[in-house]
Amino acid sequence: MVTLLRHEFHPSILREYDIRGMVDKTLFENDAQAWGVVFASVLRKRGLDDVLVGHDGRESSPRLERALVAGLVTGGMNVRRLGCCATPELYYASFREQASGAIMVTGSHNPIGYNGFKILLDNQPFFGASLQEIAQSLREGVQSGLQIGQASDYSADGRYEAALAEGLRQHRRQLRVVWDNSHSSAAHALGRLLNHLPGEHIVLNGTVDGLFPAHHPDPTLPENMVQLQRAVQENSADLGVAFDGDADRVGAVDEKGALIPADRLSLLFAQAILEERPGAMILGDVKMSQVFFDGVESAGGRVAMCPSGHSEVKAAMRETGAAFAGEMSGHFFFADRWPGFDDGLYAAVRLIDLLAGQEKSLSALCGALPPLVATPEIRFDCGDDLKFGIVDRIIARCRAEGDDIVLTDGMRVKAAGGWWLLRASNTQPALVARIEGVDQEACHDMITRIAALLRDENVALPPIEGFDEARS
């Protein structure tokens with residue numbers, strides 16, 4: 001029976017990179033079903049009919065996945081279901097099968113009450129204006145029931161883990177590695193991967209649990225890495241790695257238990273790639289350290305800055321032909337020996353490969369990089385209806401005052417002795433700042449200015465460890 005489906009999403013869930021909202025408050029099962037129907041209509045117009053679907057371990061994910069699959073089938077799609085898996089598992093299956101579409105039900109690193117959808121069309125991110133366009137088509141009405149598809153289970157048969165293991169080529173030394181799965185949906189894949197890897201491996205929080213009882217699954221926040229830091233030191237490990245909730249991101253800890261910022265890790269990856277591919281294009285997002293950009297050039301690479309966000313980075317990689325891209329949020333994109341999508345498990349394997357090929361420790365490698373004083377990524381609450389306007393007004397004010405500004409994504413301002421960044425988050429109701437300087441004094445000066453600019457917008461910069469007095 002052919003029906004005309006009309007549906008309107010809560011405006012807050014159509015994010016720049018994907019769809020994300022609070023379950024049963026702004027995101028509902030009927031949203032998932034409606035999305036399945038309308039995405040099926042996009043594929044049908046292209047003469048396509050196959051979609052891969054997976055979900056993470058959050059308690060709401062199975063029911064959202066069922067509703068999504070029902071919508072896709074009603075829209076005429078042949079759906080293959082991976083069940084509970086890591087987001088990069090779905091990406092790999094889509095790449096291997098050359099699927100027309102793929103959708104991951106995941107709340108990623110967001111708080112427990114959140115969930116959403118990451119979408120691929122022809123193995124490219126479906127995001128930004130494309131999301132808004134088909135949301136509008138749903139308001140006007142989409143036909144469903146023209147034909148009925150079917151759903152079946154998809155078995156990867158260990159191919160993903162075997163492919164991951166091929167990223168380990170160096171065997172000069174075997175490492176002891178602590179893996180914090182963070183109760184993520186990568187648990188099953190990680191268990192299979194470790195059967196392929198040499199060395200000694202210790203797994204923390206190795207079960208899937210959508211309530212994340214050990215700690216929140218966001219490796220960019222230092223408080224979420226404490227358990228891993230202790231385990232690395234207690235086990236005299238060479239390395240520790242931790243995933244976010246769907247394992248497309250990874251954080252790292254050196255053998256001393258120190259956190260390794262993603263920009264420094266990205267530079268180590270880039271240097272290794274440039275040894276094999278001299279002159280390759282390397283990308284870094286706007287939050288990356290100047291050390292990263294300068295370091296890539298010193299290593300003989302071409303380097304460019306791109307917007308933050310996994311979908312934006314992938315689009316920039318496609319446009320530039322980059323061999324690698326790094327993002328401060330812990331997304332690493334390898335396109336030298338991997339298909340170019342963000343994969344926390346593969347990045348971890350490549351880090352093991354990097355260390356296994358030499359005698360130097362991770363702390364020694366990072367210690368050889370130029371020192372700078374920098375804040376971590378500072379993320380603070382600001383309503384979705386306010387955040388972009390605040391950034392736009394501060395941009396206008398800084399322009400009027402003659403600042404040197406890069407507008408790749410928000411604003412990155414060059415200042416005496418360093419730079420500072422302010423941008424609106426595209427995944428949360430928040431503003432994001434970062435500051436880097438040649439010394440503590442330079443950072444203090446920049447923080448003082450940002451705090452003053454935000455105060456004029458009735459927004460308070462939160463406390464920054466080691467820099468609190470600069471806010472007064």
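## Close-up views of a predicted model

**View 1. Aromatic pairs across the structure.** A search of the whole structure finds 16 aromatic pairs. The model is predicted. Two of these pairs are described in the next two views.

**View 2. The tilted pair F9 and W35.** F9 and W35 form an aromatic pair. Their ring centres lie 6.3 Å apart, with 55° between the planes, and the pair is classed as tilted. F9 sits in the loop between β1 (3–5) and β2 (19–22). W35 belongs to helix α1 (residues 29–45). The two residues are 26 residues apart, and the pair links distant parts of the chain. Both F9 and W35 are buried.

**View 3. The edge-to-face pair F269 and F334.** Here the rings of F269 and F334 meet edge-to-face. The separation is 5.0 Å centre to centre, and the planes make an angle of 80°. F269 comes from helix α8 and F334 from strand β18 (residues 332–334), so the pair ties together parts that are 65 residues apart in sequence. F269 is buried, as is F334.

**View 4. One aromatic cluster.** F269 and F334 are also members of one aromatic cluster. Among the other members are the tyrosines Y91, Y92, Y160 and Y346. F324, F332, W338 and F341 belong to the cluster too.

**View 5. The second largest pocket.** This pocket has a volume of about 430 Å³. Of its 18 lining residues, L268, A272, E275, L354 and Q358 are the closest to the pocket centre. Helices α8 (262–276), α11 (344–356) and α12 (362–367) each supply at least two residues of the lining. The largest share, seven residues, comes from α8. By class, the lining has eight nonpolar, six charged and four polar residues.

**View 6. An arginine over a tryptophan ring.** R412 lies over the face of W419. The distance from the ring centre is 3.6 Å.

**View 7. A five-stranded open sheet.** Five strands form this sheet, in the order β11-β10-β12-β13-β14. The sheet is open and its pairing is mixed. β11 (200–204) and β14 (259–260) are the edge strands, and each pairs on one side only.

**View 8. The β13 and β14 pairing.** Strand β13 (residues 250–253) runs antiparallel to β14. Two bridges join these strands. A252 stands opposite I260 in β14.

Conventions
Residues are numbered from 1 along each chain as its sequence is written. This is a predicted model: local features need pLDDT of at least 70, side-chain atom pairs count only at pLDDT 80 or more; totals for chains, interfaces and linings use all residues. Side-chain values use heavy atoms; hydrogens and water are left out. On a 1 Å grid over the protein atoms alone, a cavity is a set of points where a 1.4 Å probe fits but cannot get out, and a pocket is an open set with protein on both sides within 12 Å along at least five of seven lines; lining residues have an atom within 4 Å of a point. Grid points are joined across faces, edges and corners, and a volume is the space filled by probe spheres set on the points. Helices (H or I, at least four residues) and strands (E, at least two) are DSSP runs, numbered from the N terminus. Ala, Val, Leu, Ile, Met, Phe, Trp, Tyr, Cys and Pro count as nonpolar, Asp, Glu, Lys and Arg as charged, and the others, Gly among them, as polar. Rings of Phe, Tyr and Trp (its six-membered ring) pair if their centres lie within 6.5 Å; planes under 30 degrees apart count as stacked, over 60 as edge-to-face and the rest as tilted. Buried means under 20% relative accessible area, exposed over 50%, partly exposed in between (1.4 Å probe, protein chains only). A charge sits over a ring if NZ of Lys or CZ of Arg is within 6 Å of the ring centre and within 35 degrees of the ring normal. Two strands pair if DSSP finds at least two bridges between them.
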